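Biologist: Please give me a close look at one part of this model. Start with the open space and work inward from there.

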Amino acid sequence: MNSHVKKTLFEMLDDRGYDLNSIIHLDETCFIFKILDNKHRYVIIYNTNEDKPGIKTVKHLQHIINEHEIKHLIFIYKQNITVFAKNQLNELQSKCDIELFTENELYMNVTKHELVPKHEL
């Protein structure tokens with residue numbers, strides 16, 4: 001993972017209340033963070049090195065999500081994702097909240113830009 005992408009991702013997780021010290025490495029492309037609250041809520045971050053991830057990658061993710069009972073997925077890919085993989089991810093959304101990002105989208109944290117006002121809820 002590019003260092004700019006990793007920095008933006010960690011800032012995003014920190015802003016959302018995830019414990020950055022609770023990292024669990026599943027393999028070189030997949031890791032899990034716990035949210036800082038009394039509930040057992042986790043997010044899985046999956047960063048693929050494939051140029052165009054397909055159904056095999058999504059099936060692997062599905063297995064990890066089911067095994068660890070994850071309800072939130074952030075999927076980072078290089079440029080494109082196959083139509084079959086997108087369809088499989090759409091089916092998976094009934095079990096899990098899914099966010100898709102390209103590496104280019106995470107290259108810079110737009111919420112830290114001087115012209116963007118602070119986002120507050």
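Modeller: Right, the largest pocket holds about 390 Å³ of space. A pocket here is an open set of points on a 1 Å grid over the protein atoms alone, where a 1.4 Å probe fits and protein lies on both sides within 12 Å along at least five of seven lines. Points join across faces, edges and corners, and the volume is what probe spheres set on them fill. Lining residues have an atom within 4 Å of a point; there are 15 of them, with M12, D15, N109, V110 and T111 closest to the centre. Helix 1 (3-15) and strand 5 are the elements giving two or more residues to that lining, and helix 1 has the largest share, 3 residues.

Before going on: this is a predicted model, with local features needing pLDDT of at least 70 and side-chain atom pairs 80 or more, while totals for chains, interfaces and linings use all residues. Numbering starts from 1 along each chain as its sequence is written, and side-chain values use heavy atoms, without hydrogens or water.

Helices (H or I, at least four residues) and strands (E, at least two) are DSSP runs counted from the N terminus. Strand 5 (residues 97-102) leads us inward: 6 bridges join it in parallel to strand 4, with F75 opposite L100. Helix 3 (residues 83-92) completes a right-handed β-α-β unit with those two strands; right-handed means that, with the strands pointing away from you, the path from the first strand over the helix to the second runs clockwise.

On to strand 4 itself (residues 72-77): 6 of its 6 residues are buried, so the rest of the structure largely encloses it. Buried means under 20% relative accessible area with a 1.4 Å probe, protein chains only. H72, I74 and I76 are covered on one face, and L73, F75 and Y77 on the other.

Strand 3 (residues 42-47) also pairs with strand 4, parallel, over 4 bridges; pairing takes at least two DSSP bridges. F75 turns up again here, as the residue opposite Y46. The chain gets from strand 3 to strand 4 through helix 2 (residues 55-68), in another right-handed β-α-β crossover.

H72 from strand 4 also helps line the second largest pocket, along with residues including Y42, H68 and D97. This pocket has about 210 Å³ of space.

How values were computed
Buried means under 20% relative accessible area, exposed over 50%, partly exposed in between (1.4 Å probe, protein chains only).
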